[in-house]
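Visitor: I am new to this structure and would like a close look at a single part of it. Please take me through that part step by step.

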Amino acid sequence: MMKEIQQGEVIYSAGQKINSMHMIMRGTVSVTYPGGKYLLRSGDVIGLCEAGYTEAYMEYRAQEKLSVLAYPFGSTQLKELFNASNDAVKYFLSSFFRQFNEILGQYKLLKNEGESLYEYLKSIYEDYQKLCGKYHITPGEPASYEELMPLSLEEEIPEWISGYYSTLEQMLTVWDHNKTDCDFACGFLLKSCQDIQHILSLCCEMQEYQKDICGYLMNESGVDMLGLMLDLYGKIVRAAGAEADDAISLRRGMDDVIHQLENCKDRDAHALDSRKEQIAERIAEFEKRSLELQQKTVSSGMDMQEISGSLEKILSYAGCEAELSDSFRKHVEQFKKVSNKNGTEDDIRRLRQEITKEFNQIYISAFQNSVKSEAVPKVVKMFFEFGYVDEELAGIENARYLYEIADKLPTNPDQGVYSLYEWLMAIYEEHKEPGRNEFDMDYTGYLHEQKRLGKISAQQESELLGDNSAKVMYELENVFPAVNKVTFGRISTFCPLFSEHNVLKPLDTMLVSEKRIKEVLDGIRKKDFGAYYRETMYSQPEQGIPKEFIHVEILPDIILMPNVGTRGVMWQEIEGKRRTTPARMMTSIFQLEDLALIMIRLTGEFRWEMCKRVQGARWNDISEKSLTSEYFDYVQFYKRNQDLSPDAKDKIKTDLGRAKNSFKEMFLKDYALWILFESNGSPRLNKVARTIFFNNCPFTKPLREKLKANPLYRELADRYEIRMEQKRHRMDNICQKLRSLGKDIPEEIQREAQYLNM
């Protein structure tokens, strides 16, 4: 049947059912898939590469007005089609080989590009490290650089496949279609479609790899090669001037990185343009500051005497034993002289370990003295809040900034945002209880275990339970060291001292404040309104409410650790055993990464752990529906799930590999997609995962109404409304009953009614 298709019309999109194949009589069609695209012309067949499947996994769009010959299609009808038309056999095979060669060529190109991009990144990073060494500057690392690996495909296509199909093509050009049984042609196409699907899945994998490499060159957090080169440029300009050969070389290097990014497929052009403008502004700022410093001979503003000799002032305040003070002093001086403070050599690694151990001891001693003194010196506050010990190690400009903000941190314990020192004081003053240690044991459990092992007596256990100083010591010895290291992000190179080499952005842009935390949490709750709600039992028999389950919102406590870091950690989902207590989340006080992304991840982790806490041993038992049990079942048995397309199953396999086979890690990545993209109507999840999230992490009512315009969400939203209407009806009946009895409706019931209408 002849058909006309208008320019720009999508003939098939990925995931759409194929009901006809179209032979192009006139016009061209663009074919796109993750990793590449190509054109179909007159004589080519649309949908041929999916002959062995019921759904398309590529998109076909008319480049110009088309005339096509449409063949009703199902894989079982292919033989009938070929028996009816020998010309169809000829055209179908000819088009298949053209398309196969296009896709195979793009596979090889993507492979070469991925390998070249990897070598390029390694090369420019090595050049950057050498330049850092020349100026005795500790090189930084792009975010997650330690995870960088050469391109390695799980199942590469065999080397012989190119020659195999090339020879087949030559053989079939002289094949007599009129005399040969069509079973071969039919079987060849259906089998070969599996090879094409495999190649396309590898193309998708290589495209993701290229995106990962480009993420090291430039990412949202700014902790990337461009950021490192820009930071180094600023330091070289201050030391040698903007016209120094090394400064000029770095400017050219940044231009080259931008050029590489411009050539990358699927780049975010807007983000790249924005970054180019930022780099130009920062370069101009560095050069202006360089001139000002050259003209400046006298330090202005704060009296330098306040921060000079910081280490001695801190050690004096801590009042440690002379042996510990002398050792720490010596190790800090050694660390200052190390050119690569992130070095992995044994002596540097041991030095960092010694400093860490001594730092924690001095921190404990200084804190114990601080609770006895009326006023804490500013330099000591800098030590408590930022890990600051030395003005030269921190950099004079950084030290000045820390001094300025030490007395006016933008935290707010009343709103659940604490600096570490404020948190320790909250425990000391009995406003908070100590956290769990690395073995998930709280303070009470720890003391009980110590008594069981015979290390303390029953009397000592009773005394320690009410000893605030002992509680703080437990937090400092069991929680602080582990969390400080984890939030720093780069565990293998961790050192608790505030050092200029870790400052890869202006400090004021990295400082985490209560305002920023609130903005981010509000943004998440405007999408996932139930993120921090917990179900609890409410009972007021005298009011006529014997037992009712209601939801209460408890926002987490956020503790800011004294480091310049890249991570956050969801340390515990509740305090003790009460489910209506705040979760505890920690992040760096100076955060290099995007705070919103970190808090989204922590919120997802809270949801996962809170569900496990509520469900107990049955957290992954699908007979009892919950967020964790449904998601666990979905990932564990995805291969046999008939609601998932072959393409979706391949993506799950890839994602699970990237998550190192951790179901929780995969959930956190999907939760981020749910909040960042699905909430805006931009599908990123498959329909099974989307259903799980819609049922367990529903969006607010305005978002649900907006998403109904998209068929992917309409049915899910309607089903959710039916379930909620039943609950609202029950709550309305309770309120009506109370009114008829002349009783006031408790505030808790009113809030539950509001929750059910969100």
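Visitor: Why is helix H17 (residues 468-478) largely enclosed by the rest of the structure?

Guide: The model is a predicted one. Helix H17 has 11 residues and eight of them are buried, so the helix is largely enclosed by the rest of the structure. The buried residues are Asn468, Ala470, Lys471, Val472, Tyr474, Glu475, Leu476 and Asn478. They pack against several helices: H10 (346-370), H14 (420-428), H15 (443-452), H16 (458-465) and H18 (480-488). At the N-terminal end of H17, aspartate 467 acts as a cap, with a side-chain oxygen 3.0 Å from the backbone nitrogen of serine 469.

One of the partners of H17, helix H10, also meets helix H9 (residues 322-337), and the axes of H9 and H10 come within 10 Å and cross at roughly 135 degrees. H9 and H10 are therefore oblique to each other, and their crossing is left-handed. On the H9 side the residues that meet H10 include Leu324, Phe328 and Phe335, while those on the H10 side include Leu351, Ile355 and Phe359.

As for nonpolar cores, the largest one has 243 residues, of which Phe92, Phe386, Tyr388 and Phe590 touch the most other members. Apart from that core lies another, of five residues, and among them are Tyr443, Leu447, Ala470 and Tyr474. Ala470 and Tyr474 are also among the buried residues of H17.

How values were computed:
Residues numbered from 1 in each chain as written. Predicted model: local features only at pLDDT ≥ 70, side-chain atom pairs only at ≥ 80, totals over all residues. Heavy atoms only, no water. Core = buried A, V, L, I, M, F, W, Y, C linked by side-chain atoms within 4.5 Å. Buried < 20%, exposed > 50% of the residue type's maximum accessible area, 1.4 Å probe, protein only. Helix = DSSP H or I, 4+ residues; strand = E, 2+ residues; numbered from the N terminus. Contact = heavy atoms within 4.5 Å. Polar contact = N/O pair within 3.5 Å; in protein donor to acceptor, adjacent residues only side chain to side chain. Axes fitted to C-alpha atoms, helices over the stretch in contact; angles between N-to-C directions. Parallel < 35°, antiparallel > 145°, perpendicular 65-115°, else oblique. Left-handed = near helix turned anticlockwise from the far one by under 90°.
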